[in-house]
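This briefing introduces selected features of one protein model. Please keep the sequence and the structure in view while reading.

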Amino acid sequence: MKVLVIGGSGFLGTELVRQATAAGHETAATFASRPGRTPGAAWHPLDVRDPARVARVITDVAPSVVINASSGNSDWEVTADGAIHVALVAVEQGCRLVHVSSDAVFSGVHVHYDESCLPDPVSPYGAAKAAAETAVRLLVPGAAVARTSLIIGHGRSVHERMVHALAAGTRDGVLFTDDIRCPVHVEDLAAALWEITLSDTAGVFHLAGPDALSRHDLGALIARREGLDGAQLPAGRRADTSLPGALDVRLDSRATQERLQTRLRGAREFLRGDGPGVNHRDQVSPI
């Protein structure tokens with residue numbers, strides 16, 4: 001099977017590419033600035049804002065499945081329009097499409113959100129992600145939209161690197177005590193995404209861990225695993241800042257989890273003193 005990972009050089013994309021090549025799939029991936037280092041993958045430069053280039057890459061690769069793991073944060077042209085460009089070509093070429101979305105599509109008013117909940121974003125990033133979701137589901141009825149939360153793993157995530165920098169005193173900032181999410185390990189997330197991709201099921205899926213943690217509590221767990229002094233991590237409240245976005249958003253992934261072999265571990269489990277990269281999934285990657 002030939003697979004294409006849009007955004008393959010990113011944190012999640014790198015793990016998606018690694019798992020695909022390890023499973024023996026013919027793997028292609030795109031990058032915005034520099035190609036990834038995973039051996040066995042064919043790399044293609046791509047600016048998803050350019051519909052002609054998107055069409056050329058997907059047509060040239062001719063994949064059976066496309067996973068769109070790209071993100072331009074609050075850049076509408078990348079996060080929303082780019083997703084639409086990918087969806088239009090995927091449906092034209094008859095590709096299976098899995099679109100990776102975010103818990104940022106929710107406002108936090110209801111705190112707990114399952115797969116049936118409709119987006120109600122309160123930030124530019126959330127609005128772009130919600131628009132992308134809507135377009136993908138309308139343009140490609142057979143597509144899967146997978147929402148996730150904070151992605152952690154191997155010490156390379158944004159949050160893990162921030163904890164190290166704050167503990168070392170090499171950057172300013174605080175970890176919010178009132179900003180709550182459900183972190184997921186990048187290996188678990190990638191394996192679940194491949195499982196969904198190869199199942200041909202459509203609709204909305206939630207892929208987040210079962211533990212709801214503030215960014216500060218998560219930072220303390222990371223610090224303990226790394227042998228850092230978590231007590232030195234500066235704390236603050238997001239509610240006291242002007243930053244846009246929801247405070248408490250907890251993805252309820254139970255319905256999706258019941259359909260998967262891949263177990264989505266909670267942060268308290270995958271950060272409980274294990275070294276980076278240790279994965280205690282009950283099942284090996286289904287691909």
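The structure is a predicted model. The points below concern the environment of arginine 181, the open sheet of 7 strands and the helices α3 and α4.

**Arginine 181**
- Arginine 181 belongs to strand β10, which covers residues 180–181.
- Its relative accessibility is 8%, and because buried means under 20%, arginine 181 counts as buried.
- The side chain of arginine 181 makes a polar contact of 3.1 Å with the side chain of aspartate 179.
- A polar atom of the arginine 181 side chain also lies 3.0 Å from the backbone oxygen of alanine 246.
- Beyond its neighbours within four places in sequence, arginine 181 is in contact with several residues, including Asp103, Ser149, Asp211, Arg238 and Asp248.

**The open sheet**
- The 7 strands follow the order β3-β2-β1-β4-β5-β7-β12, with parallel pairing.
- β3 (41–45) and β12 (203–207) each have a single partner strand, so one side of each is left without a neighbour in the sheet.
- On average, neighbouring strands of this sheet are turned by 20 degrees against each other, direction ignored.
- Strand β7 (residues 144–148) pairs with β12 over 5 bridges in the parallel sense.
- Alanine 146 stands opposite phenylalanine 205 in β12.

**Helices α3 and α4**
- The axes of α3 (residues 76–93) and α4 (residues 124–139) come within 8 Å and cross at roughly 10 degrees, which means that α3 is roughly parallel to α4.
- The residues of this contact comprise 15 nonpolar, 1 polar and 1 charged.
- Among them are Trp76, Ile84 and Leu88 in α3, and Tyr125, Val136 and Leu139 in α4.
- Helix α4 lies across β5 (96–102), β7 and β12, and runs at about 160 degrees to β5.

Conventions
Residues are numbered from 1 along each chain as its sequence is written. This is a predicted model: local features need pLDDT of at least 70, side-chain atom pairs count only at pLDDT 80 or more; totals for chains, interfaces and linings use all residues. Side-chain values use heavy atoms; hydrogens and water are left out. Helices (H or I, at least four residues) and strands (E, at least two) are DSSP runs, numbered from the N terminus. Buried means under 20% relative accessible area, exposed over 50%, partly exposed in between (1.4 Å probe, protein chains only). A polar contact is a pair of N or O atoms within 3.5 Å; within protein, one must be able to donate a hydrogen and the other to accept it, and residues adjacent in sequence count only if both atoms are side-chain atoms. Contact means heavy atoms within 4.5 Å. Axes are lines fitted to C-alpha atoms, for helices over the stretch in contact, and angles run from 0 to 180 degrees between N-to-C directions. Angles under 35 degrees count as roughly parallel, over 145 as roughly antiparallel, 65 to 115 as roughly perpendicular and the rest as oblique. Ala, Val, Leu, Ile, Met, Phe, Trp, Tyr, Cys and Pro count as nonpolar, Asp, Glu, Lys and Arg as charged, and the others, Gly among them, as polar. Two strands pair if DSSP finds at least two bridges between them.
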